[in-house]
Amino acid sequence: MRDTLPPLLVTPPWEQKTPLVPGLRPPTERVVDWEPGEREEWQQRLPGRPYFTAALREIYRLEGWEGVVRAFLDGQITHEPALFSLFELGPEELVRPLLADWHPTLSRTSDFSILRAVAVRFGADAHHVVFPNAKAHRSGWALMPFLDVEVARLMAAWLGMASARRQAGEWFARHGLAAVPYLVPDALDTRRTLRDKAAAALLQIASRNGDAGVVETARRYGDHAACAVAQILDSDAPADRPRRGRCGEHRDHRRSTSG
């Protein structure tokens, strides 16, 4: 009979070590947060000159970038460096309209600087180029400025992978408390896989920014969610540190001491 019951009835929230708060929605916005001088530094590392085939060089000589764009639209450009050069160097008014329909699939031998190139130039509009390729190859350096729920989930998963843990750690160190709203809904979700990864990420953030900052940032989802996050952080507390107890007990305690 247990197999036919909803998960919340099989394992009710009050029997969970951490209370569940299902149905929370993470922010939908995608942010690209550059550190001072970082964008300019990335720009300086890019090739800065086109890598065209002989045929494409002739098109460029005769017709300029408009001819190169027409060749792209006609499917004539298949040479990867030439494609990358188009989106790195082509006039923005010509290439930005092409970006949404461009979905390159990088290989192990690709020049991954294209991910930085489109991130520098197009910001959040390049998410659909940068994110899937960075994820597929566990090459997250181009994702460092990106802050959204997909990247936060990916970095939370990477914390548990030896091959990508360093990149994830740097991402969380960089974004700190700003990443918390993207993680709290998963950390309090009914799905165990999401919950464990997000909880580990919150602990990672708290190790650098303190428990109080993480809990207060989580309060945007309400006091119950903030209290549940506090219990997640308590799970990693030293044995000699007082525990907060269950959320209901914690809230009652606060009410009794405030009067």
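Colleague: Which residue follows H11, and what is the sign of its phi?
Modeller: Gly 210 follows H11, and its phi is positive, near 90°. This is a predicted model, in which local features need pLDDT of at least 70, side-chain atom pairs count only at pLDDT 80 or more, and totals for chains, interfaces and linings use all residues. Residues are numbered from 1 along each chain as its sequence is written, and side-chain values use heavy atoms, with hydrogens and water left out.

Colleague: Why is H11 called a helix?
Modeller: A helix is a DSSP run of H or I with at least four residues, a strand is a run of E with at least two, and both are numbered from the N terminus. H11 has 18 residues. The expected span is 1.5 Å times one less than the number of residues. For H11 that comes to 26 Å, and its end C-alpha atoms are 25 Å apart, which agrees.

Colleague: How do you know that the buried residues of H11 line one face?
Modeller: Buried means under 20% relative accessible area, exposed over 50%, and partly exposed in between, with a 1.4 Å probe and protein chains only. The buried residues of H11 are Arg 195, Ala 198, Ala 199, Ala 201, Leu 202, Ile 205 and Ala 206. Seen down the axis, they fall within an arc of 165°, so they line one face. The arc is taken from the directions from the helix axis to the C-beta atoms. The face turned away from the buried side carries the exposed residues Arg 192, Thr 193, Ser 207 and Arg 208.

Colleague: What do the buried residues of H11 pack against?
Modeller: They pack against H8, H9, H10, H12 and H13. Contact here means heavy atoms within 4.5 Å.

Colleague: What makes Glu 92 and Arg 96 a salt bridge?
Modeller: The term requires a side-chain nitrogen of Lys or Arg within 4 Å of a carboxyl oxygen of Asp or Glu. In this pair the N to O distance is 2.8 Å, so the pair meets the definition. Being 4 residues apart in helix H5, Glu 92 and Arg 96 are separated by about one helical turn. Glu 92, Arg 96 and Asp 125 are linked in a network of salt bridges.

Colleague: Why is Glu 92 called partly exposed?
Modeller: Its relative accessible area is 33%, which lies between the two cut-offs, so the term applies. Arg 96, at 29%, also counts as partly exposed.

Colleague: How many salt bridges does the whole structure hold?
Modeller: The search finds 13. One of them joins Glu 63 and Arg 70, at 2.6 Å from N to O.
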